[in-house]
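Me: Please take a close look at the largest pocket in this model. What lines it, and which elements supply the lining?

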Amino acid sequence: MRRTVQGIVLREINYKEADKILTVLTREEGKLTLKARGCRRKNSRLLASSQLLVYSELAITQRGEFITLAEGDPLTQFRRLGEDIDKLALASYFAEVTEKTVQEGEVCPDILSLLLNCLYALDTLDKPLEQVKAVFQLRLLTLTGLAPLLDTCVVCGNPQPEEPRLHLLQGVLHCAACRTQVGDGVSMPLSPAALAAARYIVGGEAKKLFSFSLTPEACRQLDQVTEAFLMTQQERGFRTLDYYKQLRRQSFS
């Protein structure tokens, strides 16, 4: 059976002499594993649409459990990412996190839209990398039902907690003075500006997620807290994140 979907390549594995096994997040059918025969040949019609982070219209065929990529028409290639190694590394991190988060066949158009919006922000918008990264990390957790509770201190109910902190395991906000009543685990501080931004990311409109500004210090703090929260909730690390952070250390050394 032949059908058409739109999707972005999250992962690629070279297979045999000229093939690839692709993990693709599609709008219509969720995450799929596709075989792209001959796509590594220079004259292949599948060459562009089988590249990592390329969003395409894909014609696929299925026989039993095996799905094959028959044709591909690239829609968005985010070409400028390839000109900046830091941005490309961060985009690869977004792809790995998405691939590890979404289950095979799980239909999740909101997550696909988030990924595309964040890649667009990296490719086109003049936003700090830390801000784009924080938006992706926190909004992804929100879309998967793991949004932190940020309205008030979970202990005393203060909507503007004194010296606010986020408990990474419990996913709750609390005042520094209320720390002992929250439970074991790590809590990280959030400045008032970073807390306001986190609240905006969790509850804001999808199309306006980058409509805020932070000082560099608040932006770094938001990035660090949302990264730690993501890894705590997913109970894992990411190799692409390690590579991205290594590049950033070299950039500032």
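**The largest pocket**

Reply: In this predicted model, the residues that line the largest pocket are E130, K133, R220, D223, Q224, E227, L241, Y244, K245, R248, R249 and F252. Three elements each give two or more residues to this lining: α3 (129–143), α5 (216–234) and α6 (239–252). Of the elements, α6 has the largest share, with 6 residues. The space in the largest pocket comes to about 290 Å³.

By residue class, the lining of the largest pocket holds 8 charged residues, 3 nonpolar and 1 polar. Among the charged residues on the list are E130, K133, R220 and D223. The polar one is Q224, and the nonpolar ones are L241, Y244 and F252.

The second largest pocket can be set beside this one. About 210 Å³ of space lies in the second largest pocket. Its lining consists of L10, R11, E12, L52, S92, A95, E96, E99, K100, R239 and T240. Here β1 (2–15), α1 (85–101) and α6 each supply at least two residues, and α1 gives the most, with 5 residues. The lining of the second largest pocket divides into 6 charged residues, 3 nonpolar and 2 polar.

The helix α6 thus appears in both accounts: α6 provides 6 residues to the lining of the largest pocket, and α6 is also one of the elements with at least two residues in the lining of the second largest pocket.

Methods. Residues are numbered from 1 along each chain as its sequence is written. This is a predicted model: local features need pLDDT of at least 70, side-chain atom pairs count only at pLDDT 80 or more; totals for chains, interfaces and linings use all residues. Side-chain values use heavy atoms; hydrogens and water are left out. On a 1 Å grid over the protein atoms alone, a cavity is a set of points where a 1.4 Å probe fits but cannot get out, and a pocket is an open set with protein on both sides within 12 Å along at least five of seven lines; lining residues have an atom within 4 Å of a point. Grid points are joined across faces, edges and corners, and a volume is the space filled by probe spheres set on the points. Helices (H or I, at least four residues) and strands (E, at least two) are DSSP runs, numbered from the N terminus.
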